[in-house]
Amino acid sequence: MSFYLHDSLNLVRKLTFRKLVNVLKLVSSYHLTRWLGKPIVWGLPMSISLEPTTACNLRCPECPSGLRAFTRPTGNLKSDSFRHTLGQMAKDLVFLIFYFQGEPYINPEFPDMVAQASRKGIYTITSTNGHFLNDENARKTIESGLSRLIISLDGTTQQVYEQYRREGNLEKVLQGARNVVKWKRRLKSKTPHIIFQFLVVRPNEHQVDEVYRLAREIGVDEVKLKTAQVYDYAHGNPLIPENPKYSRYYQRPDGTWAVKNKLLNHCWKMWHSCVITWDGKVVPCCFDKDATHQLGDLKSQSFGEIWSGQAYQRFRSSILRGRDQIDICTNCTEGCKVWIEH
């Protein structure tokens with residue numbers, strides 16, 4: 001329980017009066033939007049996802065990075081672009097998520113970027129497949145001030161793990177976690193809050209109890225079970241778990257499958273967060289993996305201009321008219337149970 005307390009206190013310490021006022025603006029304008037049926041936006045996003053890279057060392061079957069299926073360019077976020085973006089948003093940001101697609105640690109400048117954001121009082125998060133957490137990177141991770149480290153661990157034996165994390169090495173991931181725990185203790189740091197994220201799919205659903213045992217053994221702070229998004233689900237998919245509580249999808253009487261949640265015509269994400277690709281494109285959310293709905297470009301516009309600009313407002317209006325008409329919304333988890341209680 002002390003792990004959760006340290007994590008909560010770390011977040012609370014980063015909340016300034018300005019940030020709290022901004023959150024209040026976002027919440028009130030979102031609810032006013034739902035009442036009036038037209039997009040009203042006050043404030044700036046309290047959370048952004050910033051993409052360190054699109055490159056990845058693995059070949060996971062439901063990931064564009066793993067499938068090498070992007071139509072957009074592959075590359076690394078540059079430090080000058082990062083500083084430019086951070087300078088525009090830092091005073092209002094509560095959360096900065098260093099992840100969209102790709103493996104963050106492939107970008108050699110990633111730990112320095114985290115350190116810059118941490119010094120500005122932002123709660124920083126990243127998600128990694130764990131293969132680059134060697135001793136040096138583990139130490140740099142602690143020294144960077146990273147608030148939360150999510151390590152994907154989608155199997156507790158190599159045979160099961162590699163069915164989803166293709167070309168991955170489970171022992172390397174576990175050793176990476178041990179390295180981070182070691183340096184966290186050695187440097188007497190309360191951060192990052194370390195999470196094993198277990199993406200529950202049919203091949204690994206029988207190993208849920210085992211991942212909790214591994215977390216306790218290594219010294220990881222928390223385990224989060226996550227339901228899996230699959231693209232081709234209408235006629236079933238071998239990744240959909242047999243236990244329905246682990247699935248985002250349900251089977252209809254005719255044998256076809258559908259997303260559990262209803263597509264309601266509003267979306268909190270369009271008011272409190274956004275995603276920025278490695279090359280400065282602003283897109284609505286993490287479901288736009290190929291950046292097909294570009295709302296602006298930070299190379300030619302300020303973030304404020306993009307956030308309140310016509311393209312963003314048109315997209316928000318389209319959400320209010322009908323999310324079922326927007327491709328990236330049809331497999332969305334907004335309103336769906338993504339995290340599972342064990």
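For sorting residues here, Ala, Val, Leu, Ile, Met, Phe, Trp, Tyr, Cys and Pro count as nonpolar, Asp, Glu, Lys and Arg as charged, and the others, Gly among them, as polar. This is a predicted model, where local features need pLDDT of at least 70 and side-chain atom pairs count only at pLDDT 80 or more, while totals for chains, interfaces and linings use all residues. Residues are numbered from 1 along each chain as its sequence is written, and side-chain values use heavy atoms, with hydrogens and water left out.

**Cavities**

Searching the whole structure turns up two cavities of 30 Å³ or more. A cavity is a set of points, on a 1 Å grid over the protein atoms alone, where a 1.4 Å probe fits but cannot get out; lining residues have an atom within 4 Å of a point. Points are joined across faces, edges and corners, and the volume is the space filled by probe spheres set on them.

| Cavity | Volume | Nonpolar lining | Polar lining | Charged lining |
|---|---|---|---|---|
| Largest | about 50 Å³ | ten residues | no residues | one residue |
| Second largest | about 40 Å³ | eight residues | one residue | one residue |

Around the largest cavity you'll find, among others, Cys 267, Cys 285, Cys 329 and Cys 332, along with Phe 287, Phe 315 and Arg 323. The second largest has a lining that includes Tyr 246, Ser 247, Arg 248 and Tyr 249.

**Helix faces**

Helices (H or I, at least four residues) and strands (E, at least two) are DSSP runs, numbered from the N terminus. Buried means under 20% relative accessible area, with a 1.4 Å probe and protein chains only.

Take α4 (residues 79-89): Ser 79, Phe 82, Thr 85, Leu 86 and Met 89 are its buried residues. They fall within an arc of 125 degrees seen down the axis of α4, so they line one face of the helix; the arc is that of the directions from the helix axis to the C-beta atoms. Their cover includes β1 (47-50), β2 (95-98), α5 (110-119), β9 (273-276) and α11 (303-307), counting heavy atoms within 4.5 Å as contact.

In α6 (residues 135-143), Asn 137, Ala 138, Thr 141 and Ile 142 are buried. Here the arc is 140 degrees, so these residues also line one face of the helix. α8 (170-186) is part of what covers them. Just after α6 comes Gly 145, with a positive phi of about 85 degrees.

**α8 against α9**

α8 also packs with α9 (residues 208-218), at an angle of about 35 degrees and with axes 10 Å apart. Axes are lines fitted to C-alpha atoms over the stretch in contact, and angles run from 0 to 180 degrees between N-to-C directions. Leu 174, Ala 177, Arg 178, Val 181 and Arg 185 of α8 meet Leu 214, Glu 217 and Ile 218 of α9. That contact divides into five nonpolar, no polar and three charged residues.

How values were computed:
On a 1 Å grid over the protein atoms alone, a cavity is a set of points where a 1.4 Å probe fits but cannot get out, and a pocket is an open set with protein on both sides within 12 Å along at least five of seven lines; lining residues have an atom within 4 Å of a point. Buried means under 20% relative accessible area, exposed over 50%, partly exposed in between (1.4 Å probe, protein chains only).
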